[in-house]
Amino acid sequence: MDSLVTTDWLADHLGDPDLAVVDASWHMPASGRSGSDEYRQAHIPGARFLDIDALSDQSKPAPHMLPDAASFGRAMERLGVGRDDRIVVYDASPLRTAARGWFMLRHFGARRVAILDGGLQKWLAERRPVKSGEPTPRHALFDAKATGGDVVAKDAVLGAGAILDARGKARFEGSEADPRPGVAAGHMPGARNLPYAAVYNEDGTFRSLEDLRRLFDEVGVDPKQPFVATCGSGVTANSLIFAAHMLGNDSARLYDGSWGEWGADPATPKVLGPA
C-alpha cells in the first residue's frame with residue numbers, strides 16, 4: 001500500500017480483513033462544525049472516528065497535543081484499529097486533518113498508514129457509498145510505542161534546523177491576530193512560511209511531486225533535509241511533513257505545541273513581518 005491512496009484503490013479494498021479506515025476530521029471551534037457529528041451522519045463504510053482533540057494530553061495548556069502511548073493504544077483498540085493493520089486515514093475538513101491522523105498513528109508505531117487522496121470530499125463527488133451511525137465493532141490490538149525523533153520540544157526548536165510554518169501568511173507575519181486569547185502574533189526567529197493549503201489542489205488532492213518540490217524551493221527549505229514543521233496548534237503542520245514524506249524525506253519533525261504554545265509564552269522570542 002502506498003502512503004497516498006486513491007478513491008479507486010480504497011473502493012477496491014474496502015472488504016479486506018486487514019484494512020482499517022479512519023476518519024480524522026477536525027474543525028476549528030469557531031466554524032460551528034463537529035467532526036464527530038458529521039461522521040455519524042455520513043462516513044465511508046466501515047470507517048472509525050478518531051477525535052484528535054479528545055485523544056490528546058489534556059494536562060497541557062496548548063490544544064490537542066499528543067497523548068501518552070498507553071492512552072493512544074487503548075483508544076485505538078476501542079475504535080477497532082490495530083497497529084499492524086493497513087490503515088487509511090481521511091478527513092472532511094478544510095484543514096486537511098487526515099495528515100494529523102497519519103502522523104499520530106505512525107508516531108505510536110503503526111507502519112502501514114496511508115492518506116486517502118482527496119478525502120471524503122472526493123469520495124462524495126464521485127457518488128460513492130456512505131454509511132451513517134456507528135461502525136460494527138472490530139477486534140484489534142495496538143501495542144503503542146512512541147517513535148523517537150519525530151517530535152521536537154519547545155526548548156529545542158531554535159537549534160533543530162530549518163523551521164517551516166504552515167500557517168497562513170497574515171498570521172505568520174503578525175498582521176492578523178492569533179484566534180486564541182493570550183497568544184501573541186508573529187513567528188519564530190528564522191522560520192519560513194509555507195501555508196499548508198498550498199500543497200493541495202482545490203479538490204483536496206495533493207499537488208504533484210514537481211509542484212511540491214517547487215513550493216519548498218520557493219521558501220528556501222530543502223525538502224530532502226531535516227526540518228521542523230510548526231503551525232497554530234500542531235495540526236496543519238503535518239501536511240508539510242507528509243509532503244516531504246512523499247518527496248522521500250522522513251526526517252522532518254513536528255513541533256507539537258506549535259504557535260499555541262510558543263506564542264503564549266512571554267519568554268520566547270517572536271518576530272513580526274515577512275520571513
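Axes here are lines fitted to C-alpha atoms, for helices over the stretch in contact, and angles run from 0 to 180 degrees between N-to-C directions. Helices (H or I, at least four residues) and strands (E, at least two) are DSSP runs, numbered from the N terminus. This is a predicted model, in which local features need pLDDT of at least 70, side-chain atom pairs count only at pLDDT 80 or more, and totals for chains, interfaces and linings use all residues. Residues are numbered from 1 along each chain as its sequence is written, and side-chain values use heavy atoms, leaving out hydrogens and water.

**Exercise 1.** Describe how helices H4 and H8 pack.

Step 1. Find H4 at residues 98-107 and H8 at residues 237-246; their axes lie 8 Å apart at an angle of about 70°.

Step 2. H4 is therefore roughly perpendicular to H8, a label for angles of 65 to 115 degrees.

Step 3. Look for contacts (heavy atoms within 4.5 Å): Ala99, Arg100, Trp102, Phe103 and Arg106 of H4 meet Asn238, Ser239, Ile241, Phe242 and His245 of H8.

**Exercise 2.** Place strand E2 among its neighbours, and decide whether its residues are buried or exposed.

Step 1. Across residues 19-23, five of the five residues of E2 are buried, meaning under 20% relative accessible area (1.4 Å probe, protein chains only).

Step 2. Now check directions: Leu19, Val21 and Asp23 point one way, Ala20 and Val22 the other.

Step 3. Strands pair if DSSP finds at least two bridges between them. E2 runs parallel to E4 (residues 86-90), joined by five bridges, with Val22 partnering Val89.

Step 4. E2 also pairs in the parallel sense with E3 (residues 48-49) over two bridges, and there Asp23 stands opposite Phe49.

Notes: Buried means under 20% relative accessible area, exposed over 50%, partly exposed in between (1.4 Å probe, protein chains only). Angles under 35 degrees count as roughly parallel, over 145 as roughly antiparallel, 65 to 115 as roughly perpendicular and the rest as oblique.
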